[in-house]
Amino acid sequence: AVVSTQSTGGSTIDFGLQHDKVAEELSLLKLECEDHGVQLLEYKDESSLGRIIELITKDLSEPYSIYTYRYFIHNWPFLCFMATVDDEVVGAIVCKLDVHKKGRFRGYIAMLAVDKAHRRKKIGSSLVQKAIQTMIERNCE
């Protein structure tokens with residue numbers, strides 16, 4: 001399976017991933033995160049949106065409008081994940097699926113941010129692995 005991610009710089013990276021390998025890596029990363037009191041949660045509803053916007057706005061150089069967040073989160077809520085510590089959002093990833101060549105799905109990571117105070121705890125890696133695993137489960141190549 002190939003999952004394509006695009007950075008804000010516009011470069012595209014294709015990852016050839018096996019589902020079992022992704023699941024195994026995610027399990028290991030989740031254990032490491034749990035050692036730091038971090039939980040990975042799927043986006044549930046608008047009550048989390050403000051916390052995600054605040055985190056991403058603080059750490060990313062590009063200001064996004066509320067409509068950009070809603071475009072991604074309302075269309076692909078199953079591809080938006082948060083990392084929390086004691087109910088505080090310390091990391092977030094926002095993704096989407098697109099139809100690519102010949103009707104194949106391709107995943108896209110639109111936004112990824114981890115609070116500076118919580119970096120170096122594998123939170124970003126865990127969020128990316130969780131998103132990729134979900135993309136693969138949804139037949140993304």
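## A walk through the fold

Let us start at one spot: Arg-138 lies over the face of Phe-78, 3.6 Å from the ring centre. Keep in mind as you look around that this is a predicted model.

Now step back to the whole chain. The protein chain has four helices and six strands. Read from the N terminus, its elements follow the order β-β-α-β-α-α-β-β-β-α. How much of the chain is buried? Of the 141 residues in the protein chain, buried ones make up 41%. The accessible surface of the protein chain is about 8100 Å², and carbon and sulfur atoms account for 47% of that surface. You can also ask how far along the sequence the contacts reach. Among contacts in the protein chain with a separation of 6 or more, 64% are between residues 24 or more positions apart.

A good place to look next is the set of aromatic rings. The structure holds five aromatic pairs. One of them joins Tyr-64 and Tyr-69, whose ring centres are 5.9 Å apart and whose planes stand at 85 degrees, an edge-to-face arrangement. Tyr-69 is buried, at 1% relative accessible area, whereas Tyr-64 is partly exposed at 22%. Tyr-71 and Phe-72 make another pair: their centres are 5.1 Å apart with the planes at 75 degrees, so this pair is edge-to-face. Here Phe-72 is buried, with a relative accessible area of 9%, while Tyr-71 is partly exposed at 39%.

Tyr-71 and Phe-72 also belong to a wider group. Together with Trp-76 and Tyr-108, they form one aromatic cluster. Where does Tyr-108 lie? Tyr-108 is in strand β6, and with 25% relative accessibility it counts as partly exposed. The charged end of Lys-96 sits over the ring of Tyr-108, 5.5 Å from the ring centre. If you measure from Tyr-108 to Ile-132, C-alpha to C-alpha, you find 9.4 Å in space, with their positions 24 residues apart in sequence.

Lys-96 leads on to Pro-77. These two residues are 19 apart in sequence, and their C-alpha atoms are 8.7 Å apart in space. Pro-77 is in the loop between α3 (66-75) and β4 (80-85), and it is partly exposed, with 28% relative accessible area. What does Pro-77 touch, leaving aside its neighbours within four places in sequence? Its contacts are Glu-42, Tyr-43 and Phe-72. The last of these, Phe-72, is the cluster member you met above.

Next, consider the cysteines. A disulfide is a covalent bond between the sulfur atoms of two cysteines. How many disulfides does the structure hold? There are zero. For Cys-80, the nearest cysteine sulfur is that of Cys-95, 8.0 Å away, and Cys-80 is in no disulfide. Cys-95 is likewise in no disulfide, its nearest cysteine sulfur being that of Cys-80. The cut-off for a disulfide is within 2.5 Å, which means a sulfur distance of 8.0 Å does not qualify. Are these cysteines buried or exposed? Cys-80 counts as buried at 1% relative accessibility, and Cys-95 is buried as well, with a relative accessible area of 1%.

Finally, visit the loop between β6 (105-114) and α4 (123-137), where His-118 is found. His-118 counts as buried, with 12% relative accessibility. Its side chain is joined to that of Lys-121 by a polar contact of 3.1 Å. Setting aside residues up to four places away in sequence, His-118 touches Val-85, Val-90 and Ile-123.

Arg-120 is found in the loop between β6 and α4 too. Unlike the buried His-118, Arg-120 counts as exposed, at 84% relative accessibility. Its backbone is worth a look: Arg-120 has a positive phi of about 70 degrees although it is not a glycine. Asp-87, also not a glycine, has a positive phi of about 65 degrees. You will find Asp-87 in the loop between β4 and β5 (88-99), where it counts as exposed with 67% relative accessibility.

Methods: Residues numbered from 1 in each chain as written. Predicted model: local features only at pLDDT ≥ 70, side-chain atom pairs only at ≥ 80, totals over all residues. Heavy atoms only, no water. Helix = DSSP H or I, 4+ residues; strand = E, 2+ residues; numbered from the N terminus. Buried < 20%, exposed > 50% of the residue type's maximum accessible area, 1.4 Å probe, protein only. Contact = heavy atoms within 4.5 Å. Areas by Shrake-Rupley, 256 points an atom, 1.4 Å probe, with all protein chains shown as cover. Phe/Tyr/Trp six-rings, centres within 6.5 Å; stacked < 30°, edge-to-face > 60°. Lys NZ or Arg CZ within 6 Å of the ring centre and 35° of its normal. Polar contact = N/O pair within 3.5 Å; in protein donor to acceptor, adjacent residues only side chain to side chain.
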